[in-house]
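Visitor: I am new to this structure, and I would rather understand one part of it well than hurry over the whole. Please choose a single part and take me through it slowly, explaining each term as it comes up.

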Amino acid sequence: MPSPCVETRRVVFEFLDDELGEPQVVKIVEHLERCPPCKGFFAFERTFLSVVRRRVSVDEAPPELRERIQKALADRKRSSPTA
């Protein structure tokens with residue numbers, strides 16, 4: 001069975017994108033309150049995503065890149081146990 005840290009970090013992007021249900025969010029928030037390393041990991045990822053979102057616009061990416069990214073995200077969602 002994976003550790004709470006592994007389980008928490010596995011869904012970092014879904015959590016940051018508000019894609020999880022309330023029970024999962026509560027469980028993650030409780031874990032982050034007790035686990036400084038995971039809290040730091042989430043803070044870094046939140047900041048990183050914020051910077052990327054500010055600096056990159058979908059309109060700036062070539063169509064081929066947008067298609068590859070969309071396919072990769074769809075594939076990841078299909079293979080995710082939380083999907």
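Guide: The expected span of a helix is 1.5 Å times one less than its number of residues, and the helices themselves are DSSP runs (H or I, at least four residues; strands are E, at least two), numbered from the N terminus. What you see is a predicted model, in which local features need pLDDT of at least 70 and side-chain atom pairs count only at pLDDT 80 or more, while totals for chains, interfaces and linings use all residues. Residues are numbered from 1 along each chain as its sequence is written, and side-chain values use heavy atoms, with hydrogens and water left out.

The chain has 5 helices and 0 strands, and the part I have chosen is helix 3, which runs over residues 22-34. At 1.5 Å a residue, its 13 residues should span 18 Å, and this agrees with the 19 Å that separates its end C-alpha atoms.

Three residues of helix 3, namely Ile 28, His 31 and Leu 32, are buried, where buried means under 20% relative accessible area, exposed over 50%, and partly exposed in between, with a 1.4 Å probe and protein chains only. Seen down the axis of helix 3, these buried residues fall within an arc of 100°, so they line one face of the helix; the arc is that of the directions from the helix axis to the C-beta atoms. On the other side of helix 3, the exposed residues are Glu 22, Pro 23, Glu 33 and Arg 34.

Of the buried residues, His 31 deserves a pause: its relative accessible area is 7%, and, leaving aside neighbours within four places in sequence, His 31 is in contact (heavy atoms within 4.5 Å) with Pro 4, Cys 5, Thr 8 and Cys 38. The cover over the buried residues of helix 3 includes helix 1 (4-10), helix 2 and helix 4.

Helix 4, one of these partners, can be looked at in its own right. Two packed helices are described by the angle between their axes and the distance between the axes. For helix 3 and helix 4 the angle is about 115° and the axes are 6 Å apart, the axes being lines fitted to C-alpha atoms, for helices over the stretch in contact, with angles running from 0 to 180 degrees between N-to-C directions. From helix 3, the contact is made by Ile 28, His 31, Leu 32 and Arg 34, and from helix 4 by Pro 36, Cys 38, Lys 39 and Phe 42.

Helix 4 has buried residues too, Cys 38, Phe 42, Glu 45 and Leu 49, and these fall within an arc of 65° seen down its axis, so they line one face of the helix. The face turned away from the buried side of helix 4 carries exposed residues, among them Lys 39 and Phe 44. What covers the buried residues of helix 4 includes helix 1, helix 2 and helix 3.

Finally, Ile 28 and Leu 32 belong to the largest nonpolar core, which has 11 residues in all, including Phe 15, Cys 38 and Phe 42; such a core is a set of buried Ala, Val, Leu, Ile, Met, Phe, Trp, Tyr and Cys residues joined through side-chain atoms within 4.5 Å. The elements that give two or more residues to this core are helix 2 (12-16), helix 3 and helix 4 (36-55).
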